[in-house]
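Work through the following exercises with the model in view, trying each task before reading its solution.

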Amino acid sequence: MAEKRDGLPYVWVTWLTKLLTGDASCEWAGWFQAQHDRKTWTAVPDDFDATTWQIEHTAARNEYQEMLEEKGFDVSTESQNSFHLKGRTATVGGKPDLIAVKGSRGLIVDIKTGQPRSSDHVQVMLYMYAVPKAFPARYKEVVFEGRVVYGEREVPVPSSAVDSKFIERFAGLIGRLASNKPARRVPSYGECGFCRIPASECPERVDDDTPATEVDDF
């Protein structure tokens with residue numbers, strides 16, 4: 001049985017992105033992960049080929065990093081960028097692929113190997129919000145913009161995207177995931193099919209698609 005975390009709930013940036021865009025609706029899954037020690041529950045196995053993904057992602061990241069360095073940017077990568085931003089109700093963690101700085105200009109870059117999604121942009125926006133706060137001395141005079149890179153295609157994320165409305169919605173979601181009251185569940189095959197929280201922890205989990213019902217009306 002999953003055990004509660006010590007201290008504040010912990011929220012990883014990637015748990016937020018699909019909830020903010022509406023690509024996912026089950027806030028309970030994020031709440032559960034934020035509230036419980038990951039070492040005390042066993043995730044549902046998936047068929048994702050993490051090794052192949054990691055090789056492709058690393059190659060694409062290295063190529064983009066070299067391009068930025070050739071343009072005169074100072075670039076830090078993944079583990080160098082890891083942050084833990086502690087708020088009043090929760091700690092938010094993340095690890096941007098690349099942070100590049102040239103004078104007062106900053107770029108936060110996320111490398112993607114799949115199809116474009118709105119949640120990819122939101123991930124970069126969350127980094128753009130969090131990084132200056134997590135590293136105030138390092139990036140004191142830097143103004144950040146973002147980029148999502150899909151192979152040869154780059155999608156810019158302007159600094160203006162991280163406005164007061166976005167921050168308000170982000171903070172509201174954090175508040176719900178950090179609350180002692182469990183967030184809403186949305187049990188369905190569409191939601192649960194991508195969720196790794198097992199039925200032992202979520203009895204409402206749906207593992208089978210809804211069968212078609214036959215009618216004679218059409």
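**Exercise 1.** Determine whether Trp31 is buried or exposed, and state where Trp31 lies and what it touches.

Solution. Trp31 has a relative accessibility of 7%, and buried means under 20% relative accessible area, exposed over 50% and partly exposed in between, with a 1.4 Å probe and protein chains only; Trp31 therefore counts as buried. The model is a predicted one, in which local features need pLDDT of at least 70 and side-chain atom pairs count only at pLDDT 80 or more, whereas totals for chains, interfaces and linings use all residues. Residues are numbered from 1 along each chain as its sequence is written, and side-chain values use heavy atoms, with hydrogens and water left out. Trp31 belongs to helix 2, where helices (H or I, at least four residues) and strands (E, at least two) are DSSP runs numbered from the N terminus. Leaving aside neighbours within four places in sequence, the contacts of Trp31, meaning heavy atoms within 4.5 Å, are His36, Arg176, Leu177, Ser179, Asn180, Lys181, Pro182 and Ala183. With Pro182, Trp31 has a C-alpha to C-alpha distance of 6.6 Å, although 151 residues separate the two in sequence.

**Exercise 2.** Describe the aromatic pair of Phe32 and Trp41, and find which cluster ring pairs form with these residues.

Solution. Rings of Phe, Tyr and Trp (its six-membered ring) pair if their centres lie within 6.5 Å, and planes under 30 degrees apart count as stacked, over 60 as edge-to-face and the rest as tilted. By this rule there are nine aromatic pairs. For Phe32 and Trp41 the centres are 5.2 Å apart and the planes stand at 75 degrees, so this pair is edge-to-face. Phe32 and Trp41 are both buried. Tyr139 and Phe144 make another edge-to-face pair, with 5.2 Å centre to centre and 80 degrees between the planes, and both of these residues are buried as well. Returning to the cluster, ring pairs link Phe32 and Trp41 with Trp28 and Trp31.

**Exercise 3.** Work out how helix 4 and helix 5 are oriented to each other, and which residues make the contact.

Solution. The axes, lines fitted to C-alpha atoms over the stretch in contact, with angles running from 0 to 180 degrees between N-to-C directions, come within 11 Å for helix 4 (residues 118-134) and helix 5 (residues 164-178) and cross at roughly 95 degrees. Because angles under 35 degrees count as roughly parallel, over 145 as roughly antiparallel, 65 to 115 as roughly perpendicular and the rest as oblique, helix 4 is roughly perpendicular to helix 5. Helix 4 contributes Val122, Met125, Leu126 and Tyr129, and helix 5 contributes Phe166, Ile167 and Phe170.

**Exercise 4.** Identify the buried residues of helix 1 and what covers them, then examine Thr91.

Solution. Helix 1 (residues 13-21) has Val13, Leu16, Thr17 and Leu19 buried. Their cover includes strand 1 (10-12), helix 2 (27-35), strand 3 (83-86), strand 4, helix 4 and helix 5. After helix 1 comes Gly22, with a positive phi near 85 degrees. Thr91 lies in strand 4 (residues 91-94) and is buried, with a relative accessible area of 13%. Outside its neighbours within four places in sequence, Thr91 is in contact with Leu8, Pro9, Tyr10, Val11, His84, Leu85 and Lys86.
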